[in-house]
Amino acid sequence: MLIGEMGEPAARAGSALRTSGYRLTRQRQLVWDTLRRTRRHLSAEQIGAALKRQEQAVDMATVYRSLDVLQRLGLIRSSRLGERQYFEVAEPGEHYHLVCDNCGTANHIEGEDLAPVLRHITDGHRFAVRSADLIVHGWCEKCQAKLASTP
Ligand SMILES: [Zn+2]
Ligand SMILES: [Zn+2]
């Protein structure tokens, strides 16, 4: 699945923030909206740059703090993909990342794809798995085609 099928009721962030005693400040709302709208993995710097393009003055320290709050509330998740930490809207269910080393895009594989491996670890290695993280590096389909056509 390509990342891009993330529909998200905007009200969720507001109510999650309110019930946990955080205020949905304008800055937090802007950071949340940026992640929701782009439907991709964004680094803090990319979020800052996107806000700047919209002529929203949010300094980087505030971007980092907002990301921290949103993550603590379980609204977003972060993954280290390659060199940097990337953020995305948290979706129910586990997923893992396929990172293209050529263009840097990150696609998802569903949690079920890894379920047999985790079952094997539980049964075969008598290890009680609580969580798993997997990043597979390689070349995406587009880059494979590009690389194949370069002489
Ligand atoms: Zn690629
Ligand atoms: Zn992801």
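Axes here are lines fitted to C-alpha atoms, for helices over the stretch in contact, and angles run from 0 to 180 degrees between N-to-C directions. With that in hand, here's a quick tour of this predicted model: two zinc sites and one helix pair. The zinc ion (ligand 1) has a tetrahedral site, while the arrangement around the zinc ion (ligand 2) is irregular. Helices H3 and H4 cross at roughly 120°.

**Helix pair H3/H4**

- Two packed helices are described by the angle between their axes and the distance between the axes.
- For H3 (residues 44-53) and H4 (residues 60-72), the axes come within 10 Å, and the crossing angle is roughly 120°.
- That angle makes H3 and H4 oblique to each other, because 65 to 115 degrees would count as roughly perpendicular and over 145 as roughly antiparallel.
- As for handedness, the crossing of H3 past H4 is right-handed.
- On the H3 side, the contacts come from Ala-44, Glu-45, Ile-47, Gly-48 and Leu-51; they meet Met-60, Val-63, Tyr-64 and Leu-67 of H4.

**Zinc ion (ligand 1)**

- Four cysteine SG atoms coordinate the zinc ion (ligand 1) at 2.3 Å, namely those of Cys-100, Cys-103, Cys-140 and Cys-143.
- Angles among the 4 donor atoms run from 103 to 115°, and the site is tetrahedral.
- Along the chain, the donor residues read C-x2-C-x36-C-x2-C.
- Cys-100 and Cys-140 link distant parts of the chain, 40 residues apart: Cys-100 sits in strand S3 (residues 95-100), and Cys-140 in the loop between strand S5 (135-138) and helix H6 (141-149).
- Cys-100 has 4% relative accessibility, so it counts as buried.
- Cys-140 is buried too, at a relative accessible area of 16%, because the cut-off for buried is under 20%.

**Zinc ion (ligand 2)**

- The protein donors of the zinc ion (ligand 2) lie 2.0 to 2.7 Å from it: NE2 atoms of His-41, His-95, His-97 and His-108, plus Glu-88, which is listed twice through OE.
- The 6 donor atoms subtend angles of 56 to 173°, so the arrangement counts as irregular. An octahedral label would need opposite donors over 155 degrees apart and all others between 65 and 115.
- The spacing of these donors in sequence is H-x46-E-x6-H-x1-H-x10-H.
- His-97 belongs to strand S3 and His-108 to strand S4 (residues 106-110), so this pair ties together parts 11 residues apart in sequence.
- His-97 counts as buried, with 0% relative accessibility.
- His-108 is buried as well, its relative accessible area being 3%.

Notes: Residues are numbered from 1 along each chain as its sequence is written. Chains are lettered from A and ligands numbered from 1 in the order in which they are written. This is a predicted model: local features need pLDDT of at least 70, side-chain atom pairs count only at pLDDT 80 or more; totals for chains, interfaces and linings use all residues. Side-chain values use heavy atoms; hydrogens and water are left out. Donors are N, O and S atoms within 2.8 Å of the metal (3.2 Å for Na, K and Ca); water is not among the atoms, so sites may look incomplete. Four donors count as tetrahedral if all angles lie between 85 and 135 degrees; four count as square planar and six as octahedral if opposite donors are over 155 degrees apart and all others between 65 and 115; anything else is irregular. Helices (H or I, at least four residues) and strands (E, at least two) are DSSP runs, numbered from the N terminus. Buried means under 20% relative accessible area, exposed over 50%, partly exposed in between (1.4 Å probe, protein chains only). Angles under 35 degrees count as roughly parallel, over 145 as roughly antiparallel, 65 to 115 as roughly perpendicular and the rest as oblique. A crossing is left-handed if the near helix is turned anticlockwise from the far one by less than a right angle, and right-handed if clockwise. Contact means heavy atoms within 4.5 Å.
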